[in-house]
Amino acid sequence: MTAPHAASSTPSSPSGKAPPAPDRIQVIVATDCGSTTTKAILIELVDGHYRQTQRGEAPTTVEAPFADVTLGVTNSVTELQELSGRRLIADDGTVIRRTALTDPNGCDVYISTSSAGGGLQMMVAGVVRQMTAESAKRAALGAGAIVMDTIAANDNRKPHEQIQRIRELRPDMVLLSGGTDGGDQKKVVELAELIAPAKPRPRFGGEYQLPVIYAGNKDAAPAVARVFGAGFDLSIVPNLRPTLEAENLGPARDRIHDVFLEHVMAHAPGYDKLISWADAPIMPTPGAVGDILQTIARKRGINAVGVDIGGATTDVFSVFDGVFNRTVSANLGMSYSISNVCAEATMPRIMRWVHLPMDERELRNRVKNKMIRPTTIPQSLEALVFEQAVAREALRLSYEQHKAFATTLKGVQQQRTVGDAFSQQAGGGTLVNNMKLDLLVASGGVLSHAPRMEQTALMLIDSFEPEGFTELAKDSIFMMPHLGVLASVHPDAAMEVFEKDCLIFLGTCVAPHGEGKPGKQCFSWTLSGARSAQGTMAVGEMQVLPLAHHESCEMTVSPEKGFDMGTGPGKPVTRTVRGGTVGLILDARGRAIAVPNAENERRATIQKWLTALRVYE
Amino acid sequence: MSVATILLLAQEAGAESSTAVNWFMPGKGVLLVSLIVVVVAVLGSILWARAGHSIVVRKIAGLDAVDEAVGRATEMGRPILFVPGIQDMDNIQTVAGITILSKVAKTAAEYDADIEVPNTRSLVMTSAREAVHAAYLSAGRTDSYNPDRIYYVSDEQFAFVAYTSGLMARKRPAACFYFGCFFAESLILAENGNAIGAIQIAGTAETTQLPFFVASCDYTLIGEEFFAASAYLSGEPDQLGTLLGQDMIKAVVWVMIAVVTLVATIAAVTESAGVTQFITNLRMSMGGG
């Protein structure tokens with residue numbers, strides 16, 4: 001029997017090298033090995049400030065015929081070398097380190113993330129779907145994994161169906177949880193008894209034992225270890241839910257990262273070399289994005305949401321009151337999954353964002369074409385408008401899924417008073433509160449590569465419906481993964497580059513919560529400071545006030561009765577607002593955004609909003 | 001049969017035939033109209049629901065939390081306690097409690113959690129066993145059904161409370177459900193459950209006990225919510241339609257109370273003989289004195 005590993009307290013670089021002290025770091029090379037492209041960035045200390053200076057990319061080489069991820073890394077860093085004039089690649093293809101700070105060649109730190117070959121794919125299991133199984137899923141997603149399936153005692157599947165499913169999956173690792181400490185042992189052992197005989201095969205061949213992380217009732221650990229026995233590489237970490245009132249995801253997440261490096265990466269083509277090159281543990285790309293979002297939320301004391309919309313999936317990250325959550329909407333994307341977006345959202349919901357006359361049949365053909373030719377981009381205004389309408393619905397659905405997942409803990413005893421007689425709320429309410437949201441960050445092709453910043457801003461506002469004052473930004477060149485792993489080595493440098501080079505601030509959206517009759521006054525506003533102005537907004541209107549990205553103003557918004565800016569209906573609010581490439585966006589459409597049903601009225605309304613923001617000018 | 005008996009029966013038959021002409025009392029016409037309105041509203045709502053129209057029942061947090069409470073018991077490896085009140089099956093609250101027991105037992109069967117149902121009445125015990133057995137059957141877990149967990153304790157109120165409190169202290173159930181007719185024992189049970197850290201869900205129509213449940217339980221079904229639970233849980237058109245019909249009638253009654261109160265106030269203020277007479281006639285026609 002393989003002796004189970006104890007949990008490590010902190011993840012360390014398997015290369016055995018410790019990264020230099022932060023004050024010794026002036027030149028940083030970071031790569032992100034994606035499924036198709038390896039992206040490298042160069043960060044340098046310029047005039048006392050960390051700035052991203054160069055960017056290079058090359059095709060990822062993890063698949064045959066190359067089957068060595070480091071070739072792509074070398075190619076992308078070579079591009080950095082050519083652009084910067086700094087020698088970064090040695091003759092043997094490795095990344096050069098500087099021996100002295102005066103050395104004009106090489107870098108001080110090399111770090112990397114990876115999602116190549118499908119990233120980290122996990123299966124999770126727990127006793128009750130809404131409790132320990134959900135915590136296990138949260139731990140796996142937070143560590144940057146794709147959760148292939150969640151097995152639970154109450155998942156409405158018979159044991160033979162569960163075994164069949166486990167056998168079909170080929171996960172990189174399994175996370176098993178269940179029972180509070182001192183609580184249930186029987187069912188978590190039963191889950192182990194389902195997984196062990198099913199013998200799920202690891203994705204990267206059968207030459208290594210499938211890693212299983214046990215994060216359940218500590219009293220059941222010996223029995224679980226007996227069940228798994230030989231044939232599995234079992235790690236035992238502290239319980240995810242030591243009590244139902246508390247969630248302890250940290251140790252399981254750290255262990256997932258360790259196992260990802262020790263087992264999964266070590267068996268992927270070329271990763272053993274890449275690990276030895278890197279000065280910090282290689283992180284799964286989504287995990288690194290989550291880390292940088294948490295860092296920025298913590299350092300600025302704000303609530304933030306990040307979204308990355310891809311071809312097949314959409315990732316949503318959120319940090320509300322310090323609690324981090326990540327969801328992957330597996331069937332919501334802009335190419336491979338576009339048909340599913342149309343099916344789930346329905347055509348009428350998509351078409352409500354379109355102001356041009358379009359033939360629905362032609363649009364359906366366009367959708368199928370996009371699915372089978374995922375790299376095509378819109379060639380006409382109609383195609384662009386339609387694609388962005390689909391994106392709005394994909395983002396909206398992903399955010400709804402995220403809201404449903406990012407909840408308070410379930411199964412917790414409530415404390416009541418007689419005053420609660422008519423206001424009892426069930427546990428597990430969502431943590432996502434748009435009124436408390438301070439920063440919304442967008443990334444992914446359709447958002448990052450939109451021809452105009454105004455298009456990105458309006459897509460974000462229409463799909464996320466931010467309330468109150470919300471800064472909108474987009475990741476300029478999908479640099480967040482690099483900065484996420486940099487945050488583990490030099491958090492200040494990561495923050496500085498994030499603020500100065502990573503994010504393109506689009507502006508601040510000012511939108512009260514509430515509903516009203518179109519044409520009636522919604523709120524009045526006054527600006528002071530860098531710019532002075534005042535005005536009123538009627539329900540249903542949108543307006544952009546010019547305010548550059550380096551400017552900020554004091555803004556007082558006085559909502560009408562029935563509208564709320566975060567302090568209660570009708571109460572005025574004063575805040576410092578930040579500008580951006582779009583400006584200050586005043587949105588008086590109310591929440592939820594109401595689009596008229598009548599065709600002509602709908603088109604005229606959408607056209608009015610598009611004109612107000614100069615979206616397609 | 002004696003001659004006297006035959007004569008007596010003949011006399012009664014004659015009396016019945018003489019009352020046949022008095023089927024309708026014109027003075028009670030309002031009651032007839034009210035009855036027709038109630039019947040039409042309920043039957044109409046049932047037909048409406050059967051036709052496939054959706055009837056939205058507002059969320060009842062206490063019933064939505066059943067999964068959460070049973071899940072807590074499952075994760076903590078502790079039993080679930082269900083108390084169906086201390087009255088017999090002739091009390092409608094007990095019947096409503098048994099309906100909810102079916103839902104709790106089915107969830108417990110799906111989660112493979114243990115459920116314990118102490119009773120104060122033998123007939124309630126039998127009904128509870130039937131309900132739990134049916135629930136386990138529908139969940140496909142008849143093998144897990146244990147009738148010994150549903151048992152009779154005592155008809156005596158405080159003997160039952162003493163036993164149940166002891167059970168709670170010993171077995172420390174993680175989820176406690178109190179659905180039925182409760183009196184003084186409500187606070188004793190609920191406070192014990194709170195002290196052992198259980199999620200507690202209660203439901204009763206006893207207005208004097210509701211404050212105790214609200215203060216010491218996680219969720220409380222208040223009065224009508226308790227009786228609406230059956231329709232809420234089943235989602236059957238007939239039950240939902242009945243619920244809608246009853247709500248419509250209640251709305252009509254509220255409006256009538258408001259209107260008649262207004263009219264009576266006007267009559268009192270203006271001392272109008274006509275309005276006063278109208279109020280008097282209305283009261284008489286409704287059977288008032």
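In this predicted model, strand E10(A) turns Phe232(A), Leu234(A) and Ile236(A) to one side and Asp233(A) and Ser235(A) to the other, and all of these residues are buried. In a regular strand, side chains alternate between the two faces of the sheet. E10(A) covers residues 232–236, and five of its five residues are buried, so the strand is mostly covered by the cut-off of 20 or more other C-beta atoms within 10 Å.

E10(A) pairs with strand E9 of chain A (residues 210–214) in the parallel sense, over five bridges. One of the residues involved is Tyr214(A), whose bridge partner in E10(A) is Ile236(A). Between the two strands the chain passes through helix H5 of chain A (residues 221–228), and the resulting β-α-β crossover from E9(A) to E10(A) is right-handed.

**Domains of chain A**

The domain assignment divides chain A into domain 1 (22–107), domain 2 (119–258) and domain 3 (304–409 + 426–613). The C-alpha centres of domain 2 and domain 3 of chain A are 36 Å apart. Their contact is made by seven residues of domain 2 and six residues of domain 3. On the domain 2 side, helix H2 of chain A (residues 132–142) contributes the largest share, three residues. That side of domain 2 consists of three nonpolar, one polar and three charged residues.

**Contact between the chains**

Chain B places 24 residues in the contact with chain A, and chain A places 27 residues in it. On the chain B side, at least two residues each come from helix H3 (61–64), helix H4 (66–76), helix H5 (92–111), helix H9 (210–216) and strand E6 (219–222). H4(B) gives the most, with seven residues. The side of chain B that touches chain A has 11 nonpolar, five polar and eight charged residues.

**Backbone geometry in loops**

Most residues other than glycine have a negative phi, and most peptide bonds are trans. The table lists residues of this model that depart from one or the other pattern.

| Residue or bond | Backbone value | Loop |
|---|---|---|
| Ala64(A) to Pro65(A) | cis, omega near 10 degrees | Pro65(A): between strand E4 (49–59) and helix H1 (69–84) of chain A |
| Arg591(A) to Ala592(A) | cis, omega near 0 degrees | Ala592(A): between strand E23 (583–587) and helix H17 (599–613) of chain A |
| Asp321(A) | phi near 50 degrees | between E13 and strand E14 (323–329) of chain A |
| Arg172(B) | phi of about 45 degrees | between helix H7 (157–171) and strand E4 (175–179) of chain B |

Asp321(A) is exposed because it has 9 other C-beta atoms within 10 Å, where the cut-off is 12 or fewer. Arg172(B) counts as partly exposed, because it has 16 C-beta neighbours inside 10 Å.

**The loop at Ala312(A)**

Ala312(A) sits in the loop between strand E12 (304–309) and strand E13 (314–320) of chain A. This residue counts as partly exposed because 18 C-beta neighbours lie inside 10 Å. Leaving aside residues up to four places away in sequence, Ala312(A) touches Gly333(A), Tyr336(A) and Ser337(A). The C-alpha atoms of Ala312(A) and Asn331(A) are 6.3 Å apart, while the two residues are 19 residues apart along the chain.

**Confidence**

Chain A has a mean pLDDT of 90, with 97% of its residues at 70 or more. Over residues 6–14 of chain A, pLDDT stays under 50, although the model has 22 contacts beyond four places in sequence for this segment. Where pLDDT is low, the predicted coordinates should not be read in detail.

How values were computed
Residues are numbered from 1 along each chain as its sequence is written. Chains are lettered from A and ligands numbered from 1 in the order in which they are written. This is a predicted model: local features need pLDDT of at least 70, side-chain atom pairs count only at pLDDT 80 or more; totals for chains, interfaces and linings use all residues. Two residues are in contact if their C-beta atoms, placed from the backbone, lie within 7 Å. Helices (H or I, at least four residues) and strands (E, at least two) are DSSP runs, numbered from the N terminus. Ala, Val, Leu, Ile, Met, Phe, Trp, Tyr, Cys and Pro count as nonpolar, Asp, Glu, Lys and Arg as charged, and the others, Gly among them, as polar. pLDDT is the predictor's confidence in each residue, from 0 to 100. Two strands pair if DSSP finds at least two bridges between them. A crossover is right-handed if, with the strands pointing away from the viewer, the path from the first strand over the helix to the second runs clockwise. Domain bounds come from an automatic or database domain assignment.
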